[in-house]
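Biologist: I'm new to reading protein models. Could you walk me through one, feature by feature?

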Amino acid sequence: MENTIWWVLFNIFIVGMLMLDLGVFHKKDHAVSFKESIGWVVFWIVLAFLFNVLLYYWKGPELAFQFTTGYVIEWSLSVDNLFVFIIIFKFFKVPAKYQHRVLFWGIIGALVLRAAFIMTGIALFNTFHWMIYVFGAVLIVTALRLLFNKEGHQDLSKNIIVRICKRIFPVTEEYHGHDFFTRKDNRLFATPLFLVLMVIEFTDLVFAIDSVPAMLAISTDMFIVYTSNVFAILGLRSMYFALSGLVVIFRYLKYGISVILLFVGVKMLASAYYEISTEVTLIVVLSILALSILISLVIKEKRHVE
């Protein structure tokens, strides 16, 4: 009964914060400034820290460490989403003042999808313990693909989600303010903003295949896994506006993320023989992130001179 109350209270709080965000602070469409986005990043980090303190006194230091480690891993994996968001917004030429609205509703969908993934993953773990090796293998394959594959130009007009949406709805050529749908000649049309939203939702679904197993390597407590995911996802939107112009500077961060996935995957595969503590995992993850950021700042990008 106590756990149910905490689940209800947590979700009511999150929904209330999201309503306050969209209904008050972003009631009018505007381009989110760097200063404003930094303020929101700090706000969500402080909120996650206070929640972690509450966990420490309510659930004990072990679960508090699990939350911290999961939160850091989710944040690091979320950085990779920023590269994809930048590509999506640039390809569809989304006006800056509408980007917050797209990410807001995209994150609402992400919370629902993550909750479903988490419940499914934990149910599989509890029923079939060998699934930990499957998830570990998935993370290792993903890490290697991320490590060695180079991204080229992507034509999102051929994206499967875009093609499906265009088969279901006629789509306008131009944006209609911040609306996802509009009516023309008594017919319902989707706008390009709706296509952007659907591509972002699909992208998060793909990333969830990596991030949820990575989180389950840290904890199988559903409340810990869910809350760390929620706080990381909510901070992601603000982090996008803060770092979208700077993300290219940290070009080696992507390799750091792949190493983190590789480490977590190996941790899952080796769990039957050797258990790596949450504290050690947290130190390793933070060290990899710090090193990849440092390398990005120290090694300058080579410019070709013709």
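Modeller: Sure! Let's begin with the vocabulary: helices (H or I, at least four residues) and strands (E, at least two) are DSSP runs, numbered from the N terminus. One caution: this is a predicted model, where local features need pLDDT of at least 70, side-chain atom pairs count only at pLDDT 80 or more, and totals for chains, interfaces and linings use all residues. Also, residues are numbered from 1 along each chain as its sequence is written, and side-chain values use heavy atoms, with hydrogens and water left out.

Biologist: How many helices and strands are there in the protein chain?

Modeller: You'll find 10 helices and 2 strands. Going along the sequence, the pattern reads α-α-α-α-α-α-β-β-α-α-α-α.

Biologist: How do I read "buried" and "exposed"?

Modeller: Buried means under 20% relative accessible area, exposed means over 50%, and partly exposed is in between (1.4 Å probe, protein chains only). In this protein chain, buried residues make up 48% of the 306 residues.

Biologist: And what does the protein chain expose in total?

Modeller: Accessible areas come from the Shrake-Rupley method with a 1.4 Å probe, and for residues only the protein chains shown count as cover. The protein chain exposes about 16,100 Å², with carbon and sulfur atoms supplying 68% of that.

Biologist: What counts as a contact?

Modeller: Contact means heavy atoms within 4.5 Å. Take the contacts between residues at least 6 apart in sequence: 80% of them join residues at least 24 apart.

Biologist: Can we try that on single residues? Which residues does Gln66 touch?

Modeller: Gln66 is in helix 3, and its 10% relative accessibility makes it buried. Skipping residues up to four places away in sequence, Gln66 touches Met215, Ile218, Ser219, Ile224 and Thr278. Another glutamine to look at is Gln99, in helix 4 (residues 96-127). Gln99 is buried too, at a relative accessible area of 12%, and with the four-place neighbours left out it touches Phe89, Val94, Tyr240 and Phe241.

Biologist: How far apart in space are Gly136 and Val264?

Modeller: Their C-alpha atoms are 7.3 Å apart, although 128 residues separate them in sequence. Gly136 belongs to helix 5 (residues 131-148) and is buried, with a relative accessible area of 0%. Beyond its neighbours within four places, Gly136 is in contact with Gly265, Met268 and Leu269. For a second pair, try Val42 and Ser238: they are 196 residues apart along the chain, with 9.2 Å between their C-alpha atoms. Val42 sits in helix 2 (residues 34-59) and counts as partly exposed at 44% relative accessibility.

Biologist: How do I check the span of a helix?

Modeller: The expected span is 1.5 Å times one less than the number of residues. Helix 10 (residues 278-298) has 21 residues, so it should span 30 Å, and its end C-alpha atoms are indeed 30 Å apart.

Biologist: Which residues of helix 10 are buried?

Modeller: They are Thr278, Thr281, Leu282, Val285, Ile288, Leu289, Ser292 and Ser296. These cover an arc of only 135 degrees around the axis, so they are on the same side of helix 10. That arc is the one of the directions from the helix axis to the C-beta atoms. On the face turned away from the buried side, helix 10 carries the exposed residues Ile283 and Val298.

Biologist: What about cavities?

Modeller: On a 1 Å grid over the protein atoms alone, a cavity is a set of points where a 1.4 Å probe fits but cannot get out; lining residues have an atom within 4 Å of a point. Grid points are joined across faces, edges and corners, and a volume is the space filled by probe spheres set on the points. Searching the whole structure gives 2 cavities of 30 Å³ or more. The largest cavity has a volume of about 70 Å³. Its lining includes Phe85, Leu103, Glu201 and Asp204. Helix 4 gives the most to that lining, with 4 residues.

Biologist: Where does Lys93 lie?

Modeller: Lys93 is in the loop between helix 3 (61-91) and helix 4. Lys93 has a positive phi of about 55 degrees although it isn't a glycine, and at 67% relative accessibility it counts as exposed.

Conventions
On a 1 Å grid over the protein atoms alone, a cavity is a set of points where a 1.4 Å probe fits but cannot get out, and a pocket is an open set with protein on both sides within 12 Å along at least five of seven lines; lining residues have an atom within 4 Å of a point.
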